[in-house]
Amino acid sequence: MFKRFTLSVGLLTLSIVAFAQNEDRGNFSAGLETNTTYYLKDEKTGAALPDGRMGSNNYLKLDYTWKGLYVGGQLEGYLPAINGYYPGYEYNFFRADVYAGYNANGWDVRLGSLYEQFGSGLLFRTYEDRTLGINNALRGVKVGYTFGDFLTVKAIYGQTRDVTQYIDGAMVSGADLSLSISRAAKWENFDWTVEGSVLDKYEAFEVGMGEGAKPHTLGYSARMALGYAGFRLSGEYMSRRANPELANAYDSTRTEAIQVDFGYTGHGFGALVSFRKLHNPFLQASRDINGLTTYINYVPALTQQHTYSLATLNPYTSQSDEIGGQADLYYNFRRGTALGGRKGMKIHANYSNYYGHPQDMMTGGWMDTYRLLYRDLTVDIERWFGSDFKMILFYSWQTYNHGVGDVNEFIRSHTVVADMTYKIDRKNSLRLELQHMYSKDDSKSWAAALLEYSFAPRWSVSVQDMWNYGDTKIHYVNGSVSYSYSRVRAALNFGRFKDGYQCSGGVCRYTPAYTGVNLSLVVSL
């Protein structure tokens, strides 16, 4: 049935696109993205060379909209996939998705490939993130309706998929409701929202799946948010039936997650405090697979998302058993004050701290004691000096535990950064970034520097070096040239790149080291 549906929607897509081009009705858009790397041999890093020394990820997306109707599709080609994407899968493959729907007059209906999220995503989320290689869309149907501006209900039913194909017999069904009591009551200064979701993942039972395994994995989520005069309090509780699978070492305990956020903004000050407790939260598309790209829920790390390279060497990722949280504080000093200067000054501090129960490597069960998983204290200050010079000062003190089971192996580090930008004129600017990380653990201390020249709005050229002077003595020198014009963006990166983690939205993918040339091109019409 789904194959026939896919073919029908594909033919409809081509017909409507042709109609749009010939009759000039509706809106047609297209996007092409390619990311291609040529790998070079490098004896210093010992990075593995893929077969053919080439990797190329390519995406073609077509969309047509007319009034509330829309139809489209996406074709992906991995020829082969860039090194680090989809380990364990066949590297040369194509993937195609098509969809059609209606979004107007309160209705939101979609057939084919679909993305959806219930609440924060702890219970269910399908989405695309090309940086991480995630595209876990369902193939099925979604129906939603919004009553006025205060009540939204929606339901989904679809087939889950592995990286390259949809999985026979693995189906997801669910429903979500969001009610704004304050809008329904027409309260002006007080916000009160309640939400709830239910989700069921079905897989046919197989002998040997593990104790506690059942065909249906039923879960639910309850959420509430309150807001008044700059204050906001929100919370979510998620629970799901035990789902012993490869990804959780066939853990037969029930999933539970709770998250509470409290924030305030006003008078130049902002604060957000988050608490979260997780136990066995991850949900895979199928019990037989394991990997970042095949989760059908969203459990990001609630920590400071660093952008400076040395601060990202040991990022935290959410664990199967964790308790902790983070606190963010912001303050903007006003313009014209002694500290604010001509353009004001921003100061930000973040503290993150997580503990978890270690897992017994022999039995797979959870031990009673807690151990430190991650701790990070970050402070950054941004200030303009005059109208042409901006400086950002950054400091991070991290403790990261990469031990396995009940063995603690801490990596402690102190990272400082000075990020300086000088505006030569309205179009030309020069940026210098100096970094240093001090550590006695793992690969020990690092230094890094980046110099970037920008000619707005089209050209940007940069060169950088990361030097592990504390251990390997290896320099990771690379450069880049980027160009943007209208709807075309192109970038050329070349040199030696360290292995590490590519993170997006609190989710991280491991990327192996490589030396070579990378070309990325994005064209939209």
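**Exercise 1. The strands at β25 to β27**

Which residue in β27 is the bridge partner of Ser-482? Place the pair in its strands, and then follow the pairing back to β25.

Solution. The model is a predicted one.
- Step 1. The bridge partner of Ser-482 is Ala-491, which lies in β27.
- Step 2. β26 and β27, the latter spanning residues 488-497, run antiparallel and are joined by 8 bridges.
- Step 3. The connection between β26 and β27 is a hairpin with 2 residues between the strands. Ser-486 sits in this turn and has a positive phi of about 55 degrees.
- Step 4. β26 (residues 475-485) also pairs with β25, in the antiparallel sense, over 9 bridges. In that pairing Val-463 stands opposite Gly-479 of β26.

**Exercise 2. The nonpolar patch**

Which strands each supply at least two residues of the nonpolar patch? Then classify Trp-459 as buried, partly exposed or exposed.

Solution.
- Step 1. The patch covers about 930 Å² of surface. Its members are Tyr-422, Ile-424, Leu-430, Leu-432, Leu-434, Leu-451, Tyr-453, Phe-455, Trp-459, Val-463 and Val-477.
- Step 2. At least two residues of the patch come from each of β23 (428-438), β24 and β25.
- Step 3. Trp-459 is located in strand β25. Val-463, the residue opposite Gly-479, is also listed in the patch.
- Step 4. The relative accessible area of Trp-459 is 44%, so Trp-459 is partly exposed.

**Exercise 3. The loop between β24 and β25**

What kind of peptide bond joins Ala-456 and Pro-457? Describe the loop that holds Pro-457, and find the surface patch to which Arg-458 belongs.

Solution.
- Step 1. The bond between Ala-456 and Pro-457 is cis, with omega about 0 degrees.
- Step 2. Pro-457 is in the loop between β24 and β25. Arg-458 is in the loop between β24 (446-455) and β25 (459-467) as well.
- Step 3. Arg-458 contributes to a positive surface patch, together with Arg-335, Arg-342, Lys-343, Lys-423, Arg-426 and Lys-427.
- Step 4. Arg-458 has 38% relative accessibility and therefore counts as partly exposed.
- Step 5. A cis peptide bond also joins Leu-79 and Pro-80, where omega is about -10 degrees. Pro-80 lies in the loop between β3 (69-78) and β4 (93-104).

**Exercise 4. Pairing around β12**

How many bridges join β12 to β13? Work along the chain from β11, naming a bridge pair for each pairing.

Solution.
- Step 1. β11 (residues 151-161) pairs with β12 (residues 166-180) in the antiparallel sense, over 10 bridges. A hairpin of 4 residues joins β11 to β12.
- Step 2. Val-153 has Leu-177 of β12 as its bridge partner.
- Step 3. β12 and β13 (residues 190-203) are antiparallel and are joined by 11 bridges.
- Step 4. Ala-170 has Glu-203 of β13 as its bridge partner.

**Exercise 5. Positive phi outside glycine**

Where is Lys-186 found, and what is its phi? Do the same for Arg-53, and give the exposure of each residue.

Solution.
- Step 1. Lys-186 is in the loop between α2 (181-184) and β13. Its phi is near 60 degrees, a positive value in a residue other than glycine.
- Step 2. Lys-186 is exposed, because its relative accessible area is 69% and the cut-off for exposed is over 50%.
- Step 3. Arg-53 is in the loop between β1 (27-40) and β2 (54-66). Phi of Arg-53 is likewise positive, near 60 degrees.
- Step 4. Arg-53 has a relative accessible area of 31%, so Arg-53 is partly exposed.

Notes:
Residues are numbered from 1 along each chain as its sequence is written. This is a predicted model: local features need pLDDT of at least 70, side-chain atom pairs count only at pLDDT 80 or more; totals for chains, interfaces and linings use all residues. Side-chain values use heavy atoms; hydrogens and water are left out. Patches are made of residues with over 30% relative accessible area and no salt bridge: like charges are joined within 9 Å, nonpolar side chains (Val, Leu, Ile, Met, Phe, Trp, Tyr) within 5 Å. Accessible areas come from the Shrake-Rupley method with a 1.4 Å probe; for residues, only the protein chains shown count as cover. A salt bridge is a side-chain nitrogen of Lys or Arg within 4 Å of a carboxyl oxygen of Asp or Glu. Lys and Arg count as positive and Asp and Glu as negative; His and the chain ends are not counted. The place of a charge is taken as NZ of Lys, CZ of Arg, CG of Asp or CD of Glu. Buried means under 20% relative accessible area, exposed over 50%, partly exposed in between (1.4 Å probe, protein chains only). Two strands pair if DSSP finds at least two bridges between them.
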